[in-house]
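The following paragraphs offer a guided reading of one molecular structure for a reader who meets it here without prior acquaintance. Please keep the sequence and the structure in view while reading.

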Amino acid sequence: MTQEGFATAAMVRGKAAFATSVDVAIQRCEAGVATLLSGKGTPLARLEAYDDGMGALSDAMAQASVVRNAHPDEELRSVADSEEQRLEALSTGISLDRRVYDALQALERTGFDAETHRLLDRTLRDFRRAK
């Protein structure tokens, strides 16, 4: 879901739609991590799946923060606060998961372009910093 779609769901349809949007983002994130950990597919496809999942998580966290801080409906702000905590817990769990780090570290980089090398290097750096 795009950021615009996520925000629209939260602001137009209310609490249930917001929670559903968060669930979808979590599912995308977990699927990306699972693809990375599966060892199946090309290294680039596994990295792209992981990056897509983490992007979905990051977008959802940003949207939850905006809704929590700026939405006029107090109940929706409260839901956003709870969902933001759930998203943060998932993000923290992934950043501390040694299996994810090891899977990223083990990716065969042959054929990666310079931008992909940089993405992987920075991602691994962030894992080392999270210890």
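A convenient place to begin is the packing of helix 3, residues 43-70, against helix 6: the two meet at an angle of about 55°, and their axes lie 12 Å apart. Helix 3 and helix 6 are therefore oblique to each other, an angle of about 55° falling outside the ranges that count as roughly parallel, roughly perpendicular or roughly antiparallel. Their crossing is left-handed. On the side of helix 3, the residues that make this contact are Leu44, Leu47, Tyr50 and Asp51, and they meet Thr116, Leu119, Leu120, Thr123 and Phe127 of helix 6. Sorted by class, the residues of this contact comprise six nonpolar, two polar and one charged.

It should be stated at this point that the model is a predicted one. As for its overall composition, the protein chain contains six helices and zero strands, and its pattern along the sequence reads α-α-α-α-α-α. Taken along the principal axes, the C-alpha atoms fill a box of roughly 50 × 25 × 25 Å. Of the 131 residues in the chain, 37% are buried. Among contacts with a separation of 6 or more, 67% are between residues 24 or more positions apart.

Helix 3 also has a second partner. Helix 2 packs against helix 3 at an angle of about 155°, with the axes 7 Å apart. That angle makes helix 2 roughly antiparallel to helix 3, since the range for this term begins over 145 degrees. The crossing of helix 2 and helix 3 is left-handed. From helix 2, the contact draws on Phe18, Ala25, Arg28, Cys29, Gly32, Val33, Thr35 and Leu36; from helix 3, the participating residues include Arg46, Ala49, Tyr50, Asp52, Gly53 and Met54. By class, the contact of helix 2 with helix 3 has 13 nonpolar, three polar and three charged residues. Tyr50 thus appears in the contact with helix 2 as well as in the contact with helix 6.

One residue of helix 2, which spans residues 15-38, deserves separate attention, namely Leu37. Leu37 has a relative accessible area of 30% and is therefore partly exposed, because that class lies between the limits of 20% and 50%. When residues up to four places away in sequence are set aside, Leu37 touches Arg99, Val100 and Ala103. Leu37 and Leu47 stand ten residues apart along the chain, and their C-alpha atoms are separated by 10.0 Å.

Helix 6 likewise packs against helix 5. The angle between helix 5 and helix 6 is about 150°, and their axes are 10 Å apart. Helix 5 is accordingly roughly antiparallel to helix 6, and it passes helix 6 in a left-handed crossing. Val100, Tyr101, Leu104 and Gln105 of helix 5 make the contact with Leu120, Thr123, Leu124, Phe127 and Arg128 of helix 6. The residues of this contact fall into six nonpolar, two polar and one charged.

Within this region, which aromatic residues form a pair? The count of aromatic pairs comes to one. It is formed by Tyr101 and Phe127, whose rings are 6.0 Å apart centre to centre, with 55° between the planes, so that the pair is tilted. Tyr101 lies in helix 5, residues 98-106, and Phe127 in helix 6, residues 114-130, so the pair ties together parts that are 26 residues apart in sequence. Tyr101 counts as buried at 12% relative accessibility, and Phe127 is buried as well, with a relative accessible area of 7%.

Phe127 leads in turn to Ile94, with which it is in contact. Ile94 lies in helix 4, residues 74-95. Is Ile94 buried or exposed? Its relative accessible area is 8%, and Ile94 is therefore buried, the limit for that class being under 20%. Leaving aside neighbours within four places in sequence, Ile94 is in contact with Cys29, Val33, Tyr50, Met54, Leu57, Val100 and Phe127. Of these, Cys29 and Val33 belong to helix 2, and Tyr50, Met54 and Leu57 to helix 3, while Val100 belongs to helix 5 and Phe127 to helix 6. By contrast, the C-alpha atoms of Ile94 and Val67, which are 27 residues apart along the chain, are separated by 24 Å.

Technical notes
Residues are numbered from 1 along each chain as its sequence is written. This is a predicted model: local features need pLDDT of at least 70, side-chain atom pairs count only at pLDDT 80 or more; totals for chains, interfaces and linings use all residues. Side-chain values use heavy atoms; hydrogens and water are left out. Rings of Phe, Tyr and Trp (its six-membered ring) pair if their centres lie within 6.5 Å; planes under 30 degrees apart count as stacked, over 60 as edge-to-face and the rest as tilted. Helices (H or I, at least four residues) and strands (E, at least two) are DSSP runs, numbered from the N terminus. Buried means under 20% relative accessible area, exposed over 50%, partly exposed in between (1.4 Å probe, protein chains only). Axes are lines fitted to C-alpha atoms, for helices over the stretch in contact, and angles run from 0 to 180 degrees between N-to-C directions. Angles under 35 degrees count as roughly parallel, over 145 as roughly antiparallel, 65 to 115 as roughly perpendicular and the rest as oblique. A crossing is left-handed if the near helix is turned anticlockwise from the far one by less than a right angle, and right-handed if clockwise. Contact means heavy atoms within 4.5 Å. Ala, Val, Leu, Ile, Met, Phe, Trp, Tyr, Cys and Pro count as nonpolar, Asp, Glu, Lys and Arg as charged, and the others, Gly among them, as polar.
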